[in-house]
Amino acid sequence: MIILLIAVLLLLAALGAPLFALIAAIALLGFNAAGQSGTAVAIEFYRLADMPALIAIPLFTLAGYLLAESQAPRRLVRLTNALFGWLPGGLAIVSICACTLFTAFTGATGVTLVALGAVLYPALRQAQYPERFSLGLLTCSGSLGLLLVPSMPLILYGVVAQQFHTTPPVAIDALFKAGLLPCLLMIVVLSLYSAWMARGLPRPERTSRREVWAALKDAAWELPLPFVVLAGIYSGKLAASEAAAATALYVLIVTVLIRREIRLPELPRVIREAMLLVGAILIVLGFSLALTNWLIDGDVPERLFAVMKAGIDSKIGFLLLLNAFLLVFGMLLEGFPAIIILVPLVLPVALHYGVDPVHLGIIFLANLQIGIFLPPVGMNIFIASARFGRPATSIIRASLPFYALLMLCVLIITYWPGLSLALVR
Amino acid sequence: MSSEHATSRFLHHLHRIENGLLAILVLVLVGLAGTQIVLRIFFETGLAWADSFSRSLVLWTGMLGALAAVRDDKHIALDVLQRFLAPRAQYAARLVTLGFAALLCAAMAWYGTGLVAIDYAEGLQSSGGSVVGALRACFAESILPVAFGLMALRFALRAFAPPAHAPVLLHDPGSAAP
């Protein structure tokens with residue numbers, strides 16, 4: 001009977017049933033088997049209204065979508081180009097930095113790919129960067145920034161992990177601090193590679209002071225944002241949810257009332273787009289709260305650890321397995337759902353192996369970041385394919401060196417906890 | 001023909017109401033959270049009811065967002081296999097999977113009603129029989145049966161409709177294809 005149920009659910013999953021419905025089905029069946037009514041699942045789901053950190057998610061997402069729909073991407077590219085464009089491989093480095101900042105704010109890698117890809121791809125080609133390099137660079141840069149403040153997946157990891165009351169605790173601002181150096185590592189590695197790839201290209205001219213000043217003035221309204229968010233959170237003056245509220249309010253006023261790049265009648269549609277993403281994530285989270293409770297009641301993480309301990313007794317072995325596992329899951333499920341579903345299972349086991357819960361969050365996100373554009377079915381491959389009008393196979397081929405580079409970074413991040421924890425502990 | 005026209009106009013208005021409600025709730029959330037920061041930093045005070053109210057707003061906007069996501073086929077799913085199916089098989093797959101989602105949502109609407117009923121009864125008791133007090137006790141969670149009920153309905157309708165292909169951005173800066 002159980003095997004039949006599992007087979008049916010797996011088939012439904014493969015056919016494309018919404019993930020939340022699958023989790024809800026498992027939770028309802030599980031609670032039923034434990035002799036509890038379905039109302040208990042509704043009660044667990046309602047715990048969504050009892051998580052103070054959760055408020056940061058709709059607010060940051062709204063801010064990100066408003067920025068994406070405005071002219072901010074163009075201004076961001078202009079400014080980073082004025083600042084870094086003259087370096088060898090300058091425009092490639094501009095692409096990396098602009099994408100990183102943008103994904104950090106939207107948390108949606110596909111949106112970055114669409115919004116910035118449209119500006120950056122023609123620019124890269126015009127500066128005579130090879131087509132293959134340009135495609136690969138942009139496809140991979142789309143998901144950079146997941147580790148940087150105020151990335152929504154990082155907040156989501158914190159929200160889910162906080163249920164376990166670990167020692168040391170997983171504070172959201174600790175995660176933000178932990179993500180900084182690993183994110184820089186990836187940016188530096190990709191930038192060095194880009195500079196090397198661009199060594200044969202004509203060196204761009206140094207930007208005139210006037211253009212730097214004009215670009216600064218052009219972006220004057222957006223410029224304070226990263227600083228307020230970074231300074232507010234790193235100094236401890238603002239909680240993550242407060243930084244989110246300040247950002248959302250500020251961006252709303254600037255894009256709608258001051259710059260008027262989103263007209264008032266269009267605002268409900270933009271809000272809807274943002275909340276669509278939030279709703280799709282929260283509903284999965286709600287049911288997974290119920291599922292997690294059931295798993296813990298059934299001692300599933302403990303049993304999982306017992307089984308794994310028989311085969312793997314070292315922390316390194318565990319982390320290696322975790323990397324492979326997360327890459328596959330990240331490819332199949334994108335970042336958010338993978339975090340919601342896997343953290344409750346993996347976190348207790350990882351604690352047994354002596355992995356720091358904050359470091360684990362960084363490992364999670366670093367792996368998922370690659371999974372998002374990993375062949376054969378990583379989501380961003382298809383978004384890039386549609387955006388750049390190239391078949392998916394070309395995108396995959398173009399991304400090959402970038403997989404290698406980012407894998408290298410992930411290995412460093414995984415096996416060198418100090419890189420993540422230096423700013424935290 | 002004219003009845004079809006009337007239906008589509010009705011749907012159009014319904015969608016506008018849905019979008020408008022979502023927008024208003026989100027704007028209230030942003031405004032309230034902003035006010036709280038100003039009050040805390042500059043006046044070292046705050047509205048006592050604001051925190052629990054904003055947390056309820058997060059749930060409400062989330063549920064309405066989830067309802068909107070059904071309309072655009074934006075719920076998170078593994079759509080690996082669907083890409084490779086023949087068009088006919090794709091429609092069959094939609095029928096099965098979205099029908100399944102509709103059933104689950106209907107079940108959750110039912111259990112959500114159960115939750116509301118429990119808290120209504122408790123509210124009635126603790127407020128000494130006041131209906132207003134009882135409604136206050138269960139108002140925030142009433143979004144669960146309402147939203148799940150509407151989602152069940154919409155999933156059932158979407159199961160027979162062709163897949164939606166909504167763009168990622170509304171203001172698309174244009175194709176980057178050379």
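Helices in these legends are DSSP runs of H or I with at least four residues, numbered from the N terminus, and every view is drawn from a predicted model.

**View 1. Surroundings of F31(A) in helix α2 of chain A.** F31(A) belongs to helix α2 of chain A, and because its relative accessible area is 4%, under the 20% limit, this residue is classed as buried. Once the neighbours within four places in sequence are set aside, the residues in contact with F31(A) are Q36(A), S37(A), A40(A), V41(A), E44(A), A290(A) and W294(A). One of these partners, A290(A), stands 259 residues from F31(A) along the chain, yet the two C-alpha atoms are separated by 8.7 Å.

**View 2. The second largest pocket and its lining.** The space in the second largest pocket amounts to about 960 Å³. Its lining is made up of 29 residues, of which L9(A), L10(A), L22(A), I26(A) and L291(A) are the closest to the centre of the pocket. Two or more lining residues are given by each of α1 (2-15), α2 (19-33), α14 (267-297), α16 (315-333) and α17 (335-352) of chain A, and the largest share, seven residues, is contributed by α2(A), the helix in which F31(A) is also found. By residue class, the lining of this pocket holds 26 nonpolar and three polar residues, with no charged residue present.

**View 3. Helix α13 of chain A and the residue just after it.** Helix α13 of chain A covers residues 240-258, and because 19 residues at 1.5 Å a residue should span 27 Å, the 26 Å between its end C-alpha atoms agrees with expectation. The buried residues of α13(A) include A240(A), E242(A), A243(A), A244(A) and A245(A) in its earlier part, and the list continues with T247(A), A248(A), V251(A), L252(A), V254(A), T255(A) and V256(A). Just after α13(A), the backbone of R260(A) takes a positive phi of about 55°.

**View 4. Surroundings of S385(A) in helix α19 of chain A.** S385(A) lies in helix α19, residues 379-388 of chain A, and is classed as buried because its relative accessible area of 17% is under 20%. With the neighbours within four places in sequence left aside, S385(A) is in contact with R390(A), P391(A), A392(A) and I395(A). For F287(A), which is 98 residues from S385(A) along the chain, the separation of the two C-alpha atoms is 33 Å.

Technical notes:
Residues are numbered from 1 along each chain as its sequence is written. Chains are lettered from A and ligands numbered from 1 in the order in which they are written. This is a predicted model: local features need pLDDT of at least 70, side-chain atom pairs count only at pLDDT 80 or more; totals for chains, interfaces and linings use all residues. Side-chain values use heavy atoms; hydrogens and water are left out. On a 1 Å grid over the protein atoms alone, a cavity is a set of points where a 1.4 Å probe fits but cannot get out, and a pocket is an open set with protein on both sides within 12 Å along at least five of seven lines; lining residues have an atom within 4 Å of a point. Grid points are joined across faces, edges and corners, and a volume is the space filled by probe spheres set on the points. Ala, Val, Leu, Ile, Met, Phe, Trp, Tyr, Cys and Pro count as nonpolar, Asp, Glu, Lys and Arg as charged, and the others, Gly among them, as polar. The expected span of a helix is 1.5 Å times one less than its number of residues. Buried means under 20% relative accessible area, exposed over 50%, partly exposed in between (1.4 Å probe, protein chains only). Contact means heavy atoms within 4.5 Å.
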